[in-house]
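Subject: Structure handover

Dear colleague,

Below is the structure I said I would pass on. My notes on what was found in it follow.

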Amino acid sequence: MFNIEWLIIRFSALFTLCSIILDLEIVFFIIGFLLTHISIGICSILHDYMHIKKIKGFSIFLVKICSIEVVQNITEFFF
């Protein structure tokens, strides 16, 4: 005999799992775009308002290192 309740429960679990996976992908994209936006914004502020080339270069280097560290910490948090 065919049990429709068993089938409904299995499909609902499958759809819930698929929606969670899709939501995580959206969260990763949003975090990636947000970090890129922040990094580009800080670098543009440094280019506009710092006039000493050595300090500007070192500051941009620090921004890039910090963005790499933030991405590393976020990936460790999620995985």
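What should the 26 residues of α2 span at 1.5 Å a residue, and how far apart are its end C-alpha atoms? The expected span is 38 Å and the end C-alpha atoms are 38 Å apart, which agrees. The expected span of a helix is 1.5 Å times one less than its number of residues.

Please note that this is a predicted model, in which local features need pLDDT of at least 70 and side-chain atom pairs count only at pLDDT 80 or more, while totals for chains, interfaces and linings use all residues. Residues are numbered from 1 along each chain as its sequence is written, and side-chain values use heavy atoms, with hydrogens and water left out.

Overall layout

The protein chain has two helices and zero strands. Both terms refer to DSSP runs, numbered from the N terminus: H or I over at least four residues for a helix, E over at least two for a strand. The radius of gyration of the protein chain is 22 Å, well over the 12 Å that the globule rule gives for 79 residues, so the chain is more spread out than a compact globule. That radius is taken over C-alpha atoms, and the globule rule is 2.2 Å times the number of residues to the power 0.38. Along its principal axes, the C-alpha trace spans about 80 × 20 × 10 Å. Of the 79 residues in the protein chain, 9% are buried. Here buried means under 20% relative accessible area, exposed means over 50%, and partly exposed lies in between (1.4 Å probe, protein chains only).

The two helices

Helix α1 covers residues 4-49. Its 46 residues should span 68 Å at 1.5 Å a residue, and its end C-alpha atoms are 67 Å apart, which agrees. The buried residues of α1 are Ser 39, Cys 43 and Leu 46, and they pack against α2. Helix α2 covers residues 53-78. Its buried residues are Lys 56, Ser 59, Ile 60 and Val 63, and these pack against α1. Packing here rests on contact, meaning heavy atoms within 4.5 Å.

Lys 56

Which side chain of opposite charge is nearest to Lys 56, and how far away is it? It is Asp 48, at 7.9 Å; Lys 56 is buried yet has no salt bridge. A salt bridge needs a side-chain nitrogen of Lys or Arg within 4 Å of a carboxyl oxygen of Asp or Glu. For charge, Lys and Arg count as positive and Asp and Glu as negative, while His and the chain ends are not counted. Not counting residues up to four places away in sequence, Lys 56 touches Leu 46, His 47 and Met 50.

Cysteines

A search of the whole structure finds zero disulfides, a disulfide being a pair of cysteine sulfur atoms within 2.5 Å. Why is there no bond between Cys 43 and Cys 66? The sulfur of Cys 66 is the closest cysteine sulfur to that of Cys 43, but at 11 Å it is too far for a bond. Cys 43 is buried, with a relative accessible area of 13%, whereas Cys 66 is partly exposed at 48%.

Other positions

Gly 57 lies in helix α2 and is partly exposed at 39% relative accessibility. Gly 57 and Leu 46 are eleven residues apart in sequence and 9.0 Å apart in space, C-alpha to C-alpha.

Ser 19 is in helix α1 and counts as partly exposed, at 32% relative accessibility. From Ser 19 to Lys 53 there are 34 residues in sequence and 49 Å in space, C-alpha to C-alpha.

Leu 62, in helix α2, is partly exposed, with a relative accessible area of 37%. The C-alpha atoms of Leu 62 and Phe 79 are separated by 26 Å, with the two residues 17 apart along the chain. Phe 79 is found in the segment after α2 and is exposed, with a relative accessible area of 75%. Between the C-alpha atoms of Phe 79 and Phe 33, 46 residues apart along the chain, the separation is 19 Å.

Regards
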